[in-house]
Amino acid sequence: MQQRTRPGRAWIITPALRPRQFETAQTSGAGVALVDLEDSVAPADKQAARHAAQQFFDRPSTPCTLGIRMNAPTTLEGARDLIAMAAYPVRPDLVLVPKTESARDIELVAGVLDAEGYTPDIWALIETPRAFDKLASITKAPRLGGVVFGSADYAATVRCGLTWQALLYARSALVNSAAAAGIPAIDAPAFDLNDLDALRREAEKAKEMGFYGKGAVHPRQAAVINDTFAPSEKEIARARAIVAAGQKSGSGITSVDGHMVGTPFFTAAQALVRDVDSSSDRPGPTGESS
């Protein structure tokens, strides 16, 4: 697996046929902005969307990673997407592959797009029961950068609710497989456009479960997601204290603020400190990635 810089915590997607929204998505504060060729585009408009999507990447500088959600690569529209993307004057930094159900899907996308000087970050959108059955093999795909949970499609197929409890198994399975493969997982968005308190509560649960970030369906959600997933100053200070205690004890069991800590705590604290010290996606004063 290639070692890649992890993108930002908040991900936002905008339809390819709404170019007036491109700049709004790219400056929303989201760490990843995607232009969509899949669900938001009617079958008759796919070719027009491929053409329009080129404008999304034709920008000299943006504060985020620019990507694309293609159609499933095993479909005719997906094949056409790959041909079009390979010819874009400016190609996407990240490709999100929907309906991923095998490692071959990732290999197919990489096989078409990889070129000298260009190897896009390829992420799998996990949104079907069959994908969950194949998670262990999907997450081991050599070119896979990470996974994203597609809750709406999964719930529609399973015929379950979109509640946290109904989707608890799927979220847990995804985080576990991603962690085993050493790749990040991004949680599905909260679909209520106006209830930012509910979004924050769901984002807190996702962070606690082990997700790296969360999708956004409106620009106003990006700041909430960034704020929730970024480690607080209190969390950072505690992690540094645990690291220092581990160094002092020679990695032996000791205590910090009245709590016993040992090897697992040292490992987690070291990872957090390492992320903080090397991260470029910690929120700035405006809530955007810095």
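# Exercises on a barrel and its surroundings

Strand β6 (residues 144–149) is largely enclosed by the rest of the structure, because 6 of its 6 residues are buried. Keep that strand in view as you work through these exercises on a predicted model.

## Exercise 1: Place β6 among its partners

Task: find which strands pair with β6, and in which sense, parallel or antiparallel.

Solution.
- Step 1. Begin with strand β5 (residues 121–126), which is joined to β6 by 5 bridges and runs parallel to it. To see one of these links, look at Leu125, whose bridge partner in β6 is Val148.
- Step 2. Now turn to β7, which pairs with β6 in the parallel sense over 2 bridges. Here Val148 has Ile186 as its bridge partner in β7.
- Step 3. Put the two together: Val148 is the bridge partner of Leu125, and Val148 also has a bridge partner in β7, namely Ile186.

As background, strands of a sheet pair through backbone hydrogen bonds, either parallel or antiparallel.

## Exercise 2: Follow the strands around

Task: work out how many strands close into the barrel, and in what order.

Solution.
- Step 1. Carry on from β7 (residues 185–187), which pairs with strand β8 (residues 213–216) in the parallel sense over 2 bridges. Ile186 has Gly213 as its bridge partner in β8.
- Step 2. Move to another part of the barrel, where strand β2 (residues 32–36) and β3 pair in the parallel sense over 5 bridges. In this pair, Val35 stands opposite Ile68 of β3.
- Step 3. Check how covered β3 (residues 65–69) is: 4 of its 5 residues are buried, and the strand is mostly covered.
- Step 4. Now take the whole ring: 8 strands close into a barrel in the order β1-β2-β3-β4-β5-β6-β7-β8, with parallel pairing. From one strand to the next, the twist averages 30°.

## Exercise 3: Explore the nonpolar cores

Task: find which residues have the most contacts inside the largest nonpolar core, and what Val147 touches.

Solution.
- Step 1. The largest nonpolar core has 64 residues, and Ile68, Ile126, Phe132 and Val147 have the most contacts inside it. Helix α8 gives this core its largest share, 6 residues.
- Step 2. A separate core of 10 residues lies apart from that one; Trp11, Leu34, Leu96 and Ile186 are among its members.
- Step 3. Now zoom in on Val147. Leaving out residues up to four places away in sequence, Val147 touches Trp123, Ala124, Ile126, Thr139, Leu174, Ala178, Ile183, Pro184, Ala185 and Ile186.

A general tendency fits in here: in soluble globular proteins, nonpolar side chains tend to be buried together.

## Exercise 4: A charged side chain in helix α8

Task: decide whether Arg171 is buried or exposed, and find which side chain makes a polar contact with the side chain of Arg171.

Solution.
- Step 1. Locate Arg171 in helix α8.
- Step 2. Compare its relative accessibility with the cut-off for buried, which is under 20%. At 2%, Arg171 counts as buried.
- Step 3. Look at the surroundings. Neighbours within four places in sequence aside, Arg171 is in contact with Phe149, Thr163, Trp164, Asp187, Ala188, Glu202, Met209, Phe211 and Lys214.
- Step 4. Pick out the polar partner: the side chain of Asp187 makes a polar contact with that of Arg171, at 2.7 Å.
- Step 5. For a view along the chain, take Gly210, 39 residues apart from Arg171; their C-alpha atoms are separated by 9.5 Å.

## Exercise 5: Two loop residues and two cysteines

Task: say where Arg159 and Asp257 lie, then find how many disulfides the structure holds.

Solution.
- Step 1. Recall that most residues other than glycine have a negative phi.
- Step 2. Arg159 has a positive phi of about 65° although it is not a glycine. Arg159 sits in the loop between α7 (151–158) and α8 (168–181), and counts as exposed at 78% relative accessibility.
- Step 3. Asp257, also not a glycine, has a positive phi of about 55°. Asp257 belongs to the loop between β9 (254–256) and β10 (259–261), and is exposed with a relative accessible area of 65%.
- Step 4. Turn to the cysteines. Cys64 is buried, at 11% relative accessible area, whereas Cys160 is partly exposed, at 26%. The structure holds 0 disulfides.

Definitions and conventions:
Residues are numbered from 1 along each chain as its sequence is written. This is a predicted model: local features need pLDDT of at least 70, side-chain atom pairs count only at pLDDT 80 or more; totals for chains, interfaces and linings use all residues. Side-chain values use heavy atoms; hydrogens and water are left out. A disulfide is a pair of cysteine sulfur atoms within 2.5 Å. Buried means under 20% relative accessible area, exposed over 50%, partly exposed in between (1.4 Å probe, protein chains only). A nonpolar core is a set of buried Ala, Val, Leu, Ile, Met, Phe, Trp, Tyr and Cys residues joined through side-chain atoms within 4.5 Å. Contact means heavy atoms within 4.5 Å. A polar contact is a pair of N or O atoms within 3.5 Å; within protein, one must be able to donate a hydrogen and the other to accept it, and residues adjacent in sequence count only if both atoms are side-chain atoms. Two strands pair if DSSP finds at least two bridges between them. Axes are lines fitted to C-alpha atoms, for helices over the stretch in contact, and angles run from 0 to 180 degrees between N-to-C directions.
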